[in-house]
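User: I would like to learn how to read a few features of this model, beginning with its interior and moving on to helix packing, a sheet and some backbone angles. Could you give the general idea each time and then the case at hand?

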Amino acid sequence: MFVYLYHKHRKYKKKVRKSMATSKADEVFIDFSGIETRNSFVSHLSAAFRRRSVSVCLGGDCTDVVTPRKTNEGCKVFVVVFSEDYALSKQCLDTLVEFLERKDDGLVIVPVYYGGVTESMVKQQTERFGVAFTQHQNNYSYDQVAKWRDCLIQTASLPGHELNLQQEDSEFVEKIVADVREVLDATGKIGIYSRLLEIEKLLCKQSLKFYYLGLWGMPGIGKTTIAEAAFKQMSKDFDASFFVEDFHKEYHKGRPYKLREEHLKKVPKGGSIRGPILSFKELREKKVLFVLDDVRNLMDFESFLGGIEGVSPGSVIILTSRDKQVLHQCQVEDVFEVPSLNEEEAVRLFARTAFHKEGPSDAKLMDVSKKVARYAGGNPKALCFYGRELEKKKKPEEMEEEFEKMRQCPPQEILSLFRSSYDALNDNERSIFLDIACFFNGEPCDDVMRILEGCGFFPHVGIDRLAERSLLTISKEKRVEMQGFIQDAAREFINQTSRRRRHWEPSRIRLLLENDKSKGNEVIEGIFLDTTKLTFDVNPMAFENMYNLRLLKIYSTHSETAQELRLTKELRSLPYELRLLHWEKYPLQSLPQDFDTRHLVELNMPYSQLQSLCVGTKSLAKLKMINLSHSQKLLEVDELAKACNLEKIDLQGCTSLKSIPHTDRLKNLQFLNLSGCTSIKRTEAIKKIKGMNQEGCLRETTFESMVFEYYVKESS
């Protein structure tokens, strides 16, 4: 598909050389060595630039190409193609020296390693580069050779492109072109052309039929920017084209038919907008490009573009949406998930906005920039906002302080990014979203599913829908992850309500647990208290009126500074609705006598002072996970025989524990850890644990695709 610039007709070649030699407006200068490199890779590269309307001048050591002296002072990008014979050419090395001298004037140098050449080969001058400099030492002065060597080292230290064995030449060329186009873009857009390249790959798969493409991602991720860039790049190839920005907002102004007519008359030709209003009958005879930005439901889409099925083959419609399900409902064939900026791109964008430079000027500012970039998750709109807000702060300490204020109280601009997505959630989705934002961000997906399912929230469907709405992701490690600024926006939505159901701030929780007369406690559903550097006395009646408390977690993120909550008297009660009871270093010998455990899904009390798990006649039917590890006073756990749905039992380090219940009834048990339980006899364990082999220690048994792991350490 590449267009070769090497022509057989000498007359045409002279004409090309003449235009190159006289032009001062070329944007890119490509330097290379050898006629073979020119006729293959360099011709592909220059053709790709010209297809993107980027003017190119060729250098090199061939006899029919122009040299750079005085002819390319307006050149903005110097692409140097390092092939095996590059260093053998004095002309190429002199060209490199000349362009490097212009680097401080804003010239961008892009090294390209081709034909088996690597960055280290150029930097260290090994293999063919080493052979070349052995020859140069015999023919040129020491100073001249040293200067060439230094230029190669400088160039190889710059960001570049290296062809690997698994990469097609065509893909390699397009990545270089995308990188250079970004440099040349006067608007300063970052990452836009690499994303356009991915869109082009999807469009190349289109059939002769009408083709749909969706751009999907969270608010502010750049869907509109990419759609606009794609529209400008593609519209010249269509008979008619139109772009509707903010489609959802425009459509619901109450004049959909007028909106359609306004956009159907816009027919770009040669960069101008002309033409009368086009009816659908006329459109059926034309190849048309439609771009609708921010589509939020199928009915609006069908109403606006009703009867569009009859348009000519080769027509394309591009939709952007923050909801993946909407794109599938609109019968989109391929969906491109717009990726976040990587850390390097995010830091560059933030630095441009905050410092008006390509990068921070010192290490401390770089640390702040990386912190903001990670928090914003590479979201361009958020990065630009934080950059503008921190622009006036000159010192890193001032910037960090102001940034922390914005984290604790997200500005309206950040809240507005997600307000419409949040408002569109149903009750089930909203409960899951807020629980994850307040309590479970970064936790293993299976653990979150288990607890939320116990709360009756249908998390398998709900979490998938939140992911489709770009409000969270499931990582490769199977963890539920939410970007920091989305999490803080969600928490701010809670703060804006009159009666808060979820609590995570230690100072507020302390007031709740110290006081037994707090009003409004009956609405509280979740409390997660980090006791790091915090200690106080819990009122025995603290949980008396928290009838709806589902989730209670008292823990420490830093074990070395962890504190214990003091209970000077027995805890009078725990809420009936508890699904999660997680209390590290629980200070009492037993649970409250009237605690009803029938809804409990997870009991997590490591390093507790518990002596027994005594629940009397109360049910443990919903309990799926229990962790009493390192509870060294624990004597017995016979009650676990009632928990027929248990999946995980962790009793590691319970040195006083002498017996365990039979596991015959625990049909769902997947994991049992008894390591460090030195008071349990091996024969006792073998007798009571289903499936344990006679050798003891560790056995893995695959049953219905689940792995059962039993750990037993023989007593001394």
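User: Which residues have the most contacts inside the largest nonpolar core?

Analyst: In soluble globular proteins, nonpolar side chains tend to be buried together. In this predicted model, the largest nonpolar core has 87 residues, and those with the most contacts inside it are Phe 350, Leu 383, Tyr 386, Phe 433, Ile 436, Phe 440 and Phe 485. Helix H20, spanning residues 427-440, gives the most to this core, contributing eight residues. A second, separate core comprises 54 residues, among them Leu 534, Ala 542, Leu 588 and Leu 669.

User: With which residues is Phe 350 in contact, leaving aside its neighbours within four places in sequence?

Analyst: With those neighbours set aside, the contacts of Phe 350 include Phe 355, Val 372, Leu 383, Tyr 386, Leu 390 and Met 399, as well as Ser 369 and Gly 387.

User: At what angle do helix H15 and helix H17 pack?

Analyst: Helix H15 (residues 343-355) and helix H17 (residues 380-390) pack at an angle of about 35 degrees, their axes being 7 Å apart, and H15 passes H17 in a right-handed crossing. On the H15 side the contact is made by Ala 346, Leu 349, Phe 350, Thr 353 and Ala 354, while the H17 side includes Leu 383, Tyr 386 and Arg 388. By character, the residues of this contact between H15 and H17 divide into nine nonpolar, two polar and one charged.

User: What is the strand order of the open sheet of five strands?

Analyst: Strands of a sheet pair through backbone hydrogen bonds, either parallel or antiparallel. Here the five strands follow the order S7-S10-S11-S6-S12, with parallel pairing, and the edge strands, each pairing on one side only, are S7 (240-244) and S12 (334-337). Within this sheet S7 and S10 (residues 288-292) pair over five bridges, and Phe 242 stands opposite Phe 290 in S10. Helix H9 (residues 223-234) packs on the sheet, touching S6, S7, S10 and S11, and its direction makes about 165 degrees with that of S7.

User: Where does Asp 246 lie, and what is notable about its phi?

Analyst: Most residues other than glycine have a negative phi, and most peptide bonds are trans. Asp 246, in the loop between S7 and helix H10, has a positive phi near 55 degrees, and counts as partly exposed because its relative accessibility is 33%. Gln 331 also has a positive phi, of about 65 degrees, and is placed in the loop between helix H14 and S12; at 58% relative accessibility, Gln 331 counts as exposed.

How values were computed. Residues numbered from 1 in each chain as written. Predicted model: local features only at pLDDT ≥ 70, side-chain atom pairs only at ≥ 80, totals over all residues. Heavy atoms only, no water. Core = buried A, V, L, I, M, F, W, Y, C linked by side-chain atoms within 4.5 Å. Buried < 20%, exposed > 50% of the residue type's maximum accessible area, 1.4 Å probe, protein only. Helix = DSSP H or I, 4+ residues; strand = E, 2+ residues; numbered from the N terminus. Contact = heavy atoms within 4.5 Å. Axes fitted to C-alpha atoms, helices over the stretch in contact; angles between N-to-C directions. Left-handed = near helix turned anticlockwise from the far one by under 90°. Nonpolar A, V, L, I, M, F, W, Y, C, P; charged D, E, K, R; others polar. Pairing = 2+ DSSP bridges.
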